[in-house]
Every structure is written in structure tokens, then in C-alpha cells.
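Student: Could you take me on a close look at the ligand and its surroundings? I would like one connected explanation, please.

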Amino acid sequence: MSQGNKEYLLGANHSEFERLQFQHSVWRTTTNNFLDRLGVSKGWHCLDVGAGPGFVSIDLRERVDKTGSVTALEPSPLFLDHLAHFVQKNNWGNVHLIRSTVEETVLPQQQYDLIFARWVIAFVAHPENFFLKLLASLKPGGIIAFQDYYYEGLSLYPRGGAFDRMADAVRGYYRTVEGDPYITGKMPEWFRRHGMTLVDYSPHIYSGGPTSAIFEWAHRFFSTHIQQMVDKKAMTQSQGDAMLADWMEHRKNPDALFFSPVVVDVAGRKE
Ligand SMILES: C[S@@+](CC[C@H](N)C(=O)[O-])C[C@H]1O[C@@H](n2cnc3c(N)ncnc32)[C@H](O)[C@@H]1O
């Protein structure tokens with residue numbers, strides 16, 4: 001699957017599908033609280049960008065009900081098929097699917113009340129162009145909202161093992177596709193330069209022990225992606241092996257704590 005001319009870093013396959021599904025169960029409340037603060041409700045017309053299997057698109061459809069609409073834009077046929085089946089089963093006439101990347105599609109101008117993208121723009125090579133293309137599709141008065149990383153804060157306690165260097169390795173992993181692990185840091189400046197009003201900037205960091213959902217969320221990422229980081233040369237094999245061993249040791253320690261990287265809710269209004 002192309003993304004501009006790059007592959008989606010984490011892969012569009014069944015194991016990523018399952019990881020995204022579990023991820024949604026862990027982060028859904030955070031996303032819903034953000035959508036509540038933005039006032040997303042009946043009658044809104046929404047674009048869910050990089051929708052994946054459509055977990056947020058489905059939640060958006062519940063909010064906007066019959067009088068609004070949701071368009072899910074997603075390049076992976078595997079992911080989009082999941083949403084297509086769900087939409088068909090529920091006989092929803094107001095959920096539309098676009099199988100494409102942002103870069104490769106033509107979007108309607110000034111169409112949407114809300115444009116939303118969770119964990120997408122950090123993977124994109126030219127994020128300001130990506131943002132501007134979306135902005136042209138937003139109605140005046142509409143909201144563009146991102147949930148994405150400011151990739152600090154990731155850690156395991158007790159400290160002192162190989163995993164202490166993991167945040168650096170993940171940042172390097174994003175940069176292998178010219179992504180930006182600090183992407184949410186850029187957004188207030190974009191909004192100011194393009195005459196928008198920043199309406200929300202809320203960082204989140206979660207923590208929990210080995211039996212917590214947040215620890216399991218991280219486990220599903222690191223147990224797969226440490227080897228992929230090695231393969232993409234974001235770290236050496238011996239660093240990867242040492243980090244995985246450190247992770248598994250902490251996972252067996254009932255007193256260990258995992259701290260998530262910072263995820264920021266960022267929203268701007270088009271004036
Ligand atoms: C980490 S997943 C997040 C999926 C969904 N937003 C969620 O939160 O469950 C990133 C998604 O962005 C999609 N994606 C990556 N690059 C994209 C692009 N340039 N345009 C549109 N979608 C893209 C991928 O195919 C993948 O489904």
C-alpha cells in the first residue's frame with residue numbers, strides 16, 4: 001500500500017489490525033472525551049483521515065446520527081473492508097469510504113465540520129502539505145483535530161536497563177519514513193500562520209503495571225516492532241535483543257511500571 005510513495009510504517013496486515021483494535025479499546029475514552037470537548041454531535045459532517053479499520057469512524061457515526069455524515073479515508077483495502085462490512089450490516093447510508101491516501105485523492109473543498117486524524121500525520125513525509133490539503137476541505141468555522149505523539153515520556157520503572165534508550169529508537173523508526181515523532185509540537189505554529197484559532201491542546205500520559213491495559217498496549221507494539229526497528233536499522237540486533245529482554249523482565253515484575261509516550265489532542269478552528 002502506498003502512502004504518497006512510502007509504505008505505512010507499521011504495516012497493513014492482520015496483526016496490525018488486531019493491534020489497532022486493542023489500541024482503540026485502550027484509548028477510546030481519551031478520544032471520546034476530546035470529541036465531547038469539541039462538541040461533535042448530531043448533523044456534523046466528518047472526515048476520519050487514515051481511518052484504519054474505522055473504529056473512530058464508527059464512534060463518529062453514532063454521534064452525528066442520521067442527519068450528519070462520516071467519510072472514512074484509508075488506503076488499506078484490508079482495513080477499509082472491515083468498515084465496509086460494518087456499514088453494510090448496519091445499513092448506514094451516510095458513511096462514505098475513500099480508499100486512498102490523502103496525497104493521492106481529490107477532496108471536496110469546504111465540505112466538513114470536523115476533520116479528524118488519530119495516529120496518522122506523524123508517519124507522513126510532508127506533514128504541512130498534508131495538513132493544508134485537509135484544511136482546504138474544512139468549512140469556515142470547522143474544526144481540524146489530531147491525536148498524535150509528542151514522543152517524550154516513554155519509560156519503564158525500575159530504570160537502568162536497555163529499554164531506557166527505547167524512546168530514541170522509536171523516534172528513529174519514525175524517521176525511517178521521514179515521519180516526525182514530535183509532530184504535535186508543530187501544530188500551534190501552523191494554526192497561527194494559517195489564520196486559525198487553537199481551541200484545544202491537551203497532552204496525555206498513562207501509566208500502569210504489567211497487568212494494566214496500557215502495559216499490554218505497549219507490549220503489543222514492542223513485541224512486534226522491536227524486530228522491525230532492527231530490520232529498518234533504527235537499532236542494531238544486539239540493542240533490539242537487549243531491549244526486548246529488558247521489556248520481558250519488567251513484564252514479569254509485578255511492581256514494574258510502564259509510562260506511555262505523550263499523546264496530544266490538538267484542535268484548531270478555521271476562521
Ligand atoms: C496507526 S493507524 C491509525 C488508524 C486509526 N486512525 C485509528 O486510530 O485507529 C494509521 C493509519 O493511517 C493510514 N495512513 C498512513 N499514511 C496515510 C496517508 N498518507 N493518508 C491516509 N492514510 C494514511 C494507515 O493505512 C493506517 O491505517
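Tutor: Happy to help; here is a walk around the ligand, with a short stop at an aromatic pair afterwards.

This is a predicted model, where local features need pLDDT of at least 70, side-chain atom pairs count only at pLDDT 80 or more, and totals for chains, interfaces and linings use all residues. Residues are numbered from 1 along each chain as its sequence is written, and side-chain values use heavy atoms, with hydrogens and water left out.

Let's begin with the shell. The ligand is surrounded by 19 residues, where a residue counts as near if one of its heavy atoms lies within 4 Å of the molecule. The closest are Tyr8, Gly50, Glu74, Glu103 and Arg118. Sorted by class, the shell has 12 nonpolar, 4 polar and 3 charged residues. Here Ala, Val, Leu, Ile, Met, Phe, Trp, Tyr, Cys and Pro count as nonpolar, Asp, Glu, Lys and Arg as charged, and the others, Gly among them, as polar.

Now look at some individual atoms. Gly50 places a backbone N or O atom 2.8 Å from a nitrogen atom of the ligand. From the side chain of Glu103, an N or O atom is 2.8 Å from a nitrogen atom of the ligand. In the side chain of Arg118, an N or O atom is 2.7 Å from an oxygen atom of the ligand. The ligand taken alone exposes 590 Å², and the protein buries 99% of that; such accessible areas come from the Shrake-Rupley method with a 1.4 Å probe.

Finally, the aromatic rings. The structure holds 23 aromatic pairs, meaning rings of Phe, Tyr and Trp (its six-membered ring) whose centres lie within 6.5 Å. One of them joins Trp27 and Trp119, 5.4 Å centre to centre with 90° between the planes, so it is edge-to-face (planes over 60 degrees apart; under 30 is stacked, and the rest are tilted). This pair links distant parts of the chain, 92 residues apart: Trp27 is in helix α1 (residues 14–38), and Trp119 is in the loop between β4 (112–118) and α4 (127–136). Helices (H or I, at least four residues) and strands (E, at least two) are DSSP runs, numbered from the N terminus.

Definitions and conventions: Polar contact = N/O pair within 3.5 Å; in protein donor to acceptor, adjacent residues only side chain to side chain.
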